[in-house]
Amino acid sequence: MNRGLTVIEHLRRRLCVASVAAMALLAATQASAFDPSSPPQPATGTLQAAFSPWDDIEGLITQAITGARQQILVQAYLLSNGTIASALVAAKQRGIDVEILVDGLQLKTNNVSKVAALAAAGIPVWVETKYRNAHNKVIVIDPLTPDAAVITGSFNFTWSAQHKNAENVLIVRNNPKLAARYVVNWQRHRQDAAPYTQ
């Protein structure tokens with residue numbers, strides 16, 4: 001009997017150790033799969049949603065660019081909208097720090113891109129080629145101020161996105177923490193990008 005208890009006790013201990021190891025492995029796997037780099041933040045500021053072709057997204061973006069006081073960071077899959085490009089050039093001319101990241105393949109294959117004109121106006125442009133698609137459509141405005149704004153959504157910065165496509169945009173204003181998170185992502189992408197050359 002004593003020997004039987006010892007075997008049972010031994011099996012229980014092994015099962016216990018195996019269970020603890022399995023739970024630790026599962027916890028580590030779940031932690032790495034679901035551990036966000038930034039915990040959820042309380043909602044602050046204002047949100048404005050717009051939908052093309054019904055809403056004037058082009059006008060909302062241009063208005064936000066025109067209101068910038070310090071900095072505009074752009075991530076563009078496509079950038080061929082003349083109105084938005086002109087607003088970015090005007091911002092640069094009034095002393096705003098404007099910097100742009102663009103998708104390399106779209107730049108290469110899209111002959112209506114405004115990137116050359118933006119670079120000629122003195123705006124630093126970097127080309128992303130690390131990814132199959134650098135598909136971000138983001139504008140971060142004045143991220144170091146309480147008035148920070150983030151513009152994001154499906155809306156490419158093109159004429160077609162406003163007039164021909166069904167697109168959306170979300171403008172988040174007065175949320176510097178969220179803007180800071182987008183800036184970190186923007187900088188991470190810039191480190192992997194190459195300066196634009198004509």
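## Strand pairing and the largest pocket in a predicted model

Strand β3 (residues 97-103) and strand β4 pair in the parallel sense over 4 bridges, where strands are DSSP runs of E of at least two residues and helices are runs of H or I of at least four, both numbered from the N terminus, and where two strands pair if DSSP finds at least two bridges between them. This is a predicted model, in which local features need pLDDT of at least 70 and side-chain atom pairs count only at pLDDT 80 or more, while totals for chains, interfaces and linings use all residues. Residues are numbered from 1 along each chain as its sequence is written, and side-chain values use heavy atoms, with hydrogens and water left out.

Within the pairing of β3 with β4, Val102 stands opposite Val127 in β4. Val127 also stands opposite Ala194 in β8, and β4 and β8 run antiparallel, joined by 2 bridges. Strand β4 (residues 125-128) is covered on both faces, with Val125 and Val127 on one side and Trp126 and Glu128 on the other, all of them buried (under 20% relative accessible area with a 1.4 Å probe, protein chains only). In general, the side chains of a regular strand alternate between the two faces of the sheet.

| Strand pair | Sense | Bridges | Facing residues |
|---|---|---|---|
| β3 and β4 | parallel | 4 bridges | Val102 and Val127 |
| β4 and β8 | antiparallel | 2 bridges | Val127 and Ala194 |
| β2 and β5 | antiparallel | 4 bridges | Val74 and Ile139 |

These pairs belong to an open sheet of 8 strands with mixed pairing, in the order β1-β7-β6-β5-β2-β3-β4-β8. Strands β1 (46-52) and β8 (194-195) stand at the edges with a single partner strand each, so one side of each is left without a neighbour in the sheet. The protein chain as a whole has 7 helices and 8 strands, and buried residues make up 38% of its 198 residues.

The largest pocket has a volume of about 190 Å³, a pocket being an open set of points on a 1 Å grid where a 1.4 Å probe fits, with protein on both sides within 12 Å along at least five of seven lines, and a volume being the space filled by probe spheres set on the points. Its lining, the residues with an atom within 4 Å of a point, comprises 13 residues, of which Ala64, Gly67, Asp147, Ala149 and Arg173 lie nearest the centre. The elements that give two or more residues to this lining are α2 (57-66) and β7 (167-173), and α2 provides the largest share, 3 residues.

How values were computed:
Buried means under 20% relative accessible area, exposed over 50%, partly exposed in between (1.4 Å probe, protein chains only).
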